[in-house]
Amino acid sequence: MKFLTFKGGVHPPEFKEPTAHLPIEKATEPKIVVIPLQQHIGAPCEAIVKVGDHVTVGQKIGEAKGFVSANVHSSVSGEVKGIEQKPAAGGGDVLSVIIESDGHNEVDPSIAPKGSIDNLSAAEIMEIIKEAGIVGMGGATFPTHVKLSPPPEKKIDTIILNGAECEPYLTADHRLMLESPEDVVYGLRAMMKAVGVDKAFIGIENNKPDALEVMKKAAADYANIEVVGLYTKYPQGAEKQLIWACTQREVPSGGLPMEVGVIVNNVGTAAQIAKTIKTGMPLIERITTVSGKGIKDPKNLLIKIGVPIKDVIEQCGGYNEEPSKIIMGGPMMGLAQYNDEVTITKGSSGLLIFTDGEAKLPDEMPCIRCGKCVEICPAYLQPLHISNFARKDMMEHAEKYRALDCIECGSCSFICPSKIPLLHAIRLSKRFIVAKKRKQGK
């Protein structure tokens, strides 16, 4: 079998062994959930419940007030105890709905199967996805109904599902494909009908031969769905790199996948679409890999949205020792947390507990001009120059060197023999450039 890939990238240690063989477990029922009203890229939701209200599982508690936004639903039944600012996984605070579970898991009366793909129109599928608050579950959390609604002039002919799961430690998507392959294919077919495309790929790295085999069998009856093997390399699952590997189409600088007729989604997103169509249940839970040397009992858990990560850690046996770092997501692109009070959200693909040996950053040394960061950059950038310009507050020069094209994969920082934190400065330049453009109304 030929394995597809892209130019550049790195090969970090995988560290997937602790959880790759572990079936998905249903997490214990929470006593309290803290559900943020913004768990997605775009505008926050507006709370449509009030303190003292009784809510049910699947009930909408936050309503999207903009096109680029996503509804939020209750993951438990119980009483709303508060609506207040709480620590957010992305930093800062976010308005959140605090619900005390009554332990009954009473399902909202509105939850019912939506029919079948064959009987649903494209518009009906899109409305189901929108109402269910489904977002990109690989971690990006872009509202799925928005991604599936390109402008009329952008003709989409291909959908790609990302099953690469190229981040170290994470195995949630791997287990999903092994345990629910039919849901992945069903959700993909629903997306294809919603957008009106006849061709789709499911890309899976070759370090998951069992998932490749299982997904090929699940898609065998659909000639227009091709399961392709990808060479194991990071960031193989990044949109532009995945598009190139599967179709040999290059997304232009500053452009989006729709510019080359492609939409990319995660396998987890597809499976959630299938679940919502089949049962009517919106996005109220997700699979999260809990791993790292700092956790006693690594697991792949199906966790309800809003569960504090300290409760998840307790279910996994607690800490082996005082953690050096807690990361939401993967080690390359995830976000370090300053405490364990933040909660599981729609984008929580991983929860990593690191010890000093795993998390300690080496001391930075002078650049030796080896060019490795340029050689491996999957976006064809010159990371050292952009980083240097950012450090010297020369943001206009960083912009000229296409800082905004950086996909923030961190490959440059990983490969640098001098251990220069290149990505940190590049991120800073991107934030500055974007803020400047917004101020100018561009």
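I took buried to mean under 20% relative accessible area. The model I consulted is predicted.

**Entry 1: helix α4**

I looked up the burial of helix α4, residues 172–179. Ala 172, Asp 173, His 174, Arg 175, Leu 176 and Met 177 are the buried residues there. Because six of the eight residues of α4 are buried, I recorded the helix as largely enclosed by the rest of the structure.

**Entry 2: the annotated cysteines**

Which residues does UniProt place under "binding site"? I found Cys 367, Cys 370, Cys 373 and Cys 416 in the record, which is an unreviewed entry. They are spread over 50 residues of sequence, yet they cluster in space, with a largest C-alpha distance of 10.8 Å.

I then examined two of these positions separately. Cys 367 sits in the loop that joins α10 (356–359) to α11 (372–376). With a relative accessible area of 34%, Cys 367 is partly exposed. Setting aside residues up to four places away in sequence, I noted that Cys 367 touches Leu 384, Ser 418 and Ile 420.

Cys 373, by contrast, belongs to helix α11. Is Cys 373 buried or exposed? Its relative accessible area is 11%, which is under the 20% limit, so I entered Cys 373 as buried. Beyond residues up to four places away in sequence, Cys 373 touches Pro 383, Leu 384, Cys 412, Ile 415 and Leu 422. Leu 384 therefore appears among the contacts of Cys 367 and among those of Cys 373, under a contact limit of heavy atoms within 4.5 Å.

**Entry 3: domains**

I checked how the chain is divided and found domain 1 (117–279) and domain 2 (372–441). The contact takes six residues from domain 1 and seven residues from domain 2. Taken over C-alpha atoms, the centres of domain 1 and domain 2 are separated by 29 Å.

**Entry 4: Ser 291**

I located Ser 291 in strand β13, which covers residues 285–291. Ser 291 counts as buried, at 1% relative accessibility. What does Ser 291 touch, not counting residues up to four places away in sequence? I listed Pro 18, Thr 19, Tyr 169, Pro 298, Leu 351, Leu 352 and Ile 353.

**Entry 5: Gly 357**

I next turned to Gly 357, which lies in helix α10. The relative accessible area of Gly 357 is 74%, and I recorded the residue as exposed. I also compared the position of Gly 357 with that of Tyr 222: the two are 135 residues apart in sequence, and their C-alpha atoms are 47 Å apart in space.

**Entry 6: Pro 252**

Where does Pro 252 lie? I placed Pro 252 in the loop between α7 (239–247) and β12 (262–266). At a relative accessible area of 37%, Pro 252 is partly exposed. Apart from neighbours within four places in sequence, Pro 252 is in contact with Lys 240, Glu 259 and Val 260. For Pro 252 and Leu 212, which are 40 residues apart along the chain, I noted a C-alpha separation of 30 Å.

**Entry 7: a nonpolar patch**

Lastly I looked for the residues behind a nonpolar surface patch of about 250 Å² and found Ile 41, Phe 67 and Val 68. Of this patch I traced Phe 67 to the loop between β5 (60–64) and β6 (72–73).

Technical notes
Residues are numbered from 1 along each chain as its sequence is written. This is a predicted model: local features need pLDDT of at least 70, side-chain atom pairs count only at pLDDT 80 or more; totals for chains, interfaces and linings use all residues. Side-chain values use heavy atoms; hydrogens and water are left out. UniProt positions are given in the numbering used here, feature names are shortened, and annotations may be inferred rather than shown by experiment. Helices (H or I, at least four residues) and strands (E, at least two) are DSSP runs, numbered from the N terminus. Buried means under 20% relative accessible area, exposed over 50%, partly exposed in between (1.4 Å probe, protein chains only). Patches are made of residues with over 30% relative accessible area and no salt bridge: like charges are joined within 9 Å, nonpolar side chains (Val, Leu, Ile, Met, Phe, Trp, Tyr) within 5 Å. Accessible areas come from the Shrake-Rupley method with a 1.4 Å probe; for residues, only the protein chains shown count as cover. A salt bridge is a side-chain nitrogen of Lys or Arg within 4 Å of a carboxyl oxygen of Asp or Glu. Domain bounds come from an automatic or database domain assignment.
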